[in-house]
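Reader: I want to learn how to read salt bridges in a model. Please walk me through them.

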Amino acid sequence: MRDGTKSLRDFPACPYCSGAVCEPWLENIEDRRGCAPGRWAFHRCRDCGSAVLFPQPKASELSSYYPPVYNFAPDLAGDHRWRRALAWVEDRCFYRPQYETQVRLTLRGIGWRDRKVGRILDVGCGRGLRLNLLRGRGFDVQGMDFQPEIVSYVEKTMGIPCVACDFEQLPQHFRAESFDLVTAFCVLEHVPDVQGVLRICHDLLAPGGWLVAAVPLVDCPQATILQSRWAQVVEAPRHVTLPSAEGIRRACVAAGFEEVVVRPASVLTCAGYIGLSVAQGSSTMHMSGKGGGRAFAARVFGALVTLAAIPWCLAENHLWKRPAEGLVFARKPRSTPELPSA
């Protein structure tokens, strides 16, 4: 068992606000996908409220904690008739509306609703469904993911340029100031050095360019209620951090961004967190693995829970202003501030 035996003074600084003290929050967390052995714990920053996995896994171990199938795509159903039918329904009723909403909220949030030109990099692009929608609107798109098989799928099946690398290697593949928009959906919670990745994104953006990132927010009501059952917690150790809204704001400012705003993600996405929390065996990985009737039943049950959770997530997003997933909008300054003359 992996357990936190160090004192608070031995715990590293918060990767979001650099706060010096992180206190124990949740213990005995097991990976809901069964890909990582042992148990884990989360500590929370006393200053900004963000959560950090403890102990931190080694960087060399992280890639081994991901299942072969981590992102949805309709072709994953294979030749199974009932899986193909379910995948078709999920694609039309959940995933496609979700990605379309992400694109719409992104472009509206940065004032690009009617724009059709610009270079976009999607960091951690998954199977390219979001990039495909952006390309359909006329944008010049490229992707990046650390899983080579995913990159191969995006390039060969989707026909979208994509590179396989770690986040630290992005400057080796792309020139500085070469993108107008960098998106990072459900990425930052997977990296130990959050501010480092934000600085890399900042460097890749042209002056005045935008970063739009989607992150789970640990200070939402559903996280407080569900705690160790919350889907974003039991993604440990792939989720090495879980930011608060204040924590991600501070991290973006520390990386050099301005005009930082955190807005609610789509209600359907936030409701999906509750569905996965209640039906932990309903993930894409479980359906695409050995599957069977049990996996199918769990998937359907998770979908029903998701639909039932929509009113709650509407209240989280718009009444209490504490969404389970936030869209972070951050702009690179148009010009470098002038230094005072000597």
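Author: Start with one end of a pair. At 30% relative accessibility, Arg 250 counts as partly exposed, because that class lies between buried (under 20% relative accessible area) and exposed (over 50%), using a 1.4 Å probe and protein chains only. This is a predicted model: local features need pLDDT of at least 70, side-chain atom pairs count only at pLDDT 80 or more, and totals for chains, interfaces and linings use all residues. Residues are numbered from 1 along each chain as its sequence is written, and side-chain values use heavy atoms, with hydrogens and water left out.

Reader: Which side chain meets Arg 250 in a salt bridge?

Author: First the general idea. Side chains of opposite charge can pair when their charged atoms come close. The rule is this: a side-chain nitrogen of Lys or Arg within 4 Å of a carboxyl oxygen of Asp or Glu. Here, Arg 250 meets Asp 47, at 3.0 Å from N to O. Asp 47 is partly exposed, at 46% relative accessibility.

Reader: Where do Asp 47 and Arg 250 sit along the chain?

Author: Helices (H or I, at least four residues) and strands (E, at least two) are DSSP runs, numbered from the N terminus. Asp 47 is in the loop between β2 (40–45) and β3 (51–54). Arg 250 is in helix α8 (residues 245–254). The two are 203 residues apart, and the pair links distant parts of the chain.

Reader: Which residue forms a salt bridge with Lys 332?

Author: Glu 177 does, with the closest N and O atoms 3.7 Å apart. Lys 332 lies in the segment after β11 (325–331), and Glu 177 in the loop between α5 (170–173) and β7 (179–185), so the pair ties together parts that are 155 residues apart in sequence.

Reader: Is Lys 332 buried or exposed?

Author: Lys 332 is buried, with a relative accessible area of 8%. Glu 177 is partly exposed, at 45%.

Reader: How many residues separate Arg 249 and Glu 246?

Author: Three, about one turn of helix α8, where both lie. Their side chains meet in a salt bridge, at 3.6 Å from N to O. Arg 249 is partly exposed, at 31% relative accessibility. Glu 246 is partly exposed too, with a relative accessible area of 33%.

Reader: Which residues are linked in a network of salt bridges?

Author: Asp 31, Arg 32, Arg 33, Glu 235 and Arg 238.

Reader: How many salt bridges does the rule give?

Author: The count comes to 12.
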